[in-house]
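Grab your viewer and let's work through a couple of exercises on strands and packing. Each task comes with a step-by-step solution.

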Amino acid sequence: GKGLGDGRFRWAAMKKEQVLRCQLSVWFPLFRHCTIRSIVLPLPQDVTDYLLDDGTLVVSGRNEAPSCSQTNESSDEEQDVQWSDDENVTTLTAPEFPDFAAQVQEAINSLGGIVFPKLNWSAPRDAAWIALNGSLKCNNLSDIFLLLKSSDFIAHDLTRPFLHCTDDSPDPKIDTQLVLRKWCELIPGGEFRCFVKENKLIGVTQRDHTQYYDHVCRQEATILGSIVDFFKDKVQYKFPDEDFVFDVYRDSQGRVWIIDFNPFGEVTNSLLFTWEELTSGQNLSEGAPADLDGPVFRYITSEMTVQPSPYLSYRLPKDFVDLSRGEDAHKLIDFLKLTRNQEPETSDEED
């Protein structure tokens, strides 16, 4: 990438140790009093294999009793899904994990009956569209499996957690974990991402960087002040690394809560900053208030800069997403005209 060889990115050289320390099971005990209630469950190997198996499309973990626990070719109607591309009919059934399902349901119940799931690092934010409620809200294992199996972010956790790390040492062994967090209704625009370098808070950006929030503009100084105070009181020198990224939520009473920790490196989305700015310090304060000691606070300042959700690319063909980002509406009109003009030709061929 541009600038990688000139030394300016040296401070962002991400080590595998840093990634390990950002697992929720590592940081949660240190910050349990200022974060969301969570339960960590070890993920059995057979469940991990199921999540990675592209061939198993059926989601297991349903609340209702399975109609048939063994594959029985003579009772096709009792099976969940059938593929009959040819004369050899293959019946596909979901695996069952009764012990794990019981653990998960017990944890869900103890967290109030509704949770949002993640693995060691990532939540399946890119798969929320596939859920019936369009969110990460889950109340059973079936909901959880559907999200986890549909998420590229989860696949990254399971297969390439040390992507972009610069050290050549063998990858540490990972104990894969399912994290269940108590479901909380968060105010839109209340989440912020904070960048810490050498134990100094250098940048804060709104987490949802695609939307304009009037309250963020109006309360800029108050919001930043509460985040800085929270960092100094609760986070600074307490996290096991000196370079890291953490997400916070500021509630309607002005209290600040930790949502997550992430490595200080390009595997983490820099949102309204660039990693070149964050690592070199160049251009970081341009257009910012004159307080050189405090962090730079970036947020969307007008409706004009609103962008489509970055998660759109996970549910629509990329061409359509690119089209939706264009500022020229005529391009979309031309595209629709082109599609319409092709329709008669297609219908003639079918007739």
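**Exercise 1.** Find out how many bridges join β6 to β8, and place the two strands in their sheet.

*Solution.* Start with the pair: β6 and β8 run antiparallel and are joined by six bridges. (Strands are DSSP E runs of at least two residues, helices H or I runs of at least four, both numbered from the N terminus; two strands pair if DSSP finds at least two bridges between them.) Within this pair, Phe-195 sits opposite Val-245 of β8.

Before going on, a word on the source: this is a predicted model, where local features need pLDDT of at least 70, side-chain atom pairs count only at pLDDT 80 or more, and totals for chains, interfaces and linings use all residues. Residues are numbered from 1 along each chain as its sequence is written, and side-chain values use heavy atoms, with hydrogens and water left out.

Now widen the view: five strands make an open, mixed sheet in the order β9-β8-β6-β7-β10. Its edges are β9 and β10 (296-298), each pairing on one side only.

**Exercise 2.** Work out which helix supplies the largest share of the largest nonpolar core.

*Solution.* First, the core itself: it has 36 residues, and Leu-201, Val-235, Phe-246 and Phe-261 have the most contacts inside it. (Such a core is a set of buried Ala, Val, Leu, Ile, Met, Phe, Trp, Tyr and Cys residues joined through side-chain atoms within 4.5 Å; buried means under 20% relative accessible area with a 1.4 Å probe, protein chains only.) Next, the contributors: α2 (24-31) and α8 (220-235) are among the elements that each supply at least two residues. The answer is α8, with seven residues.

Technical notes
Buried means under 20% relative accessible area, exposed over 50%, partly exposed in between (1.4 Å probe, protein chains only).
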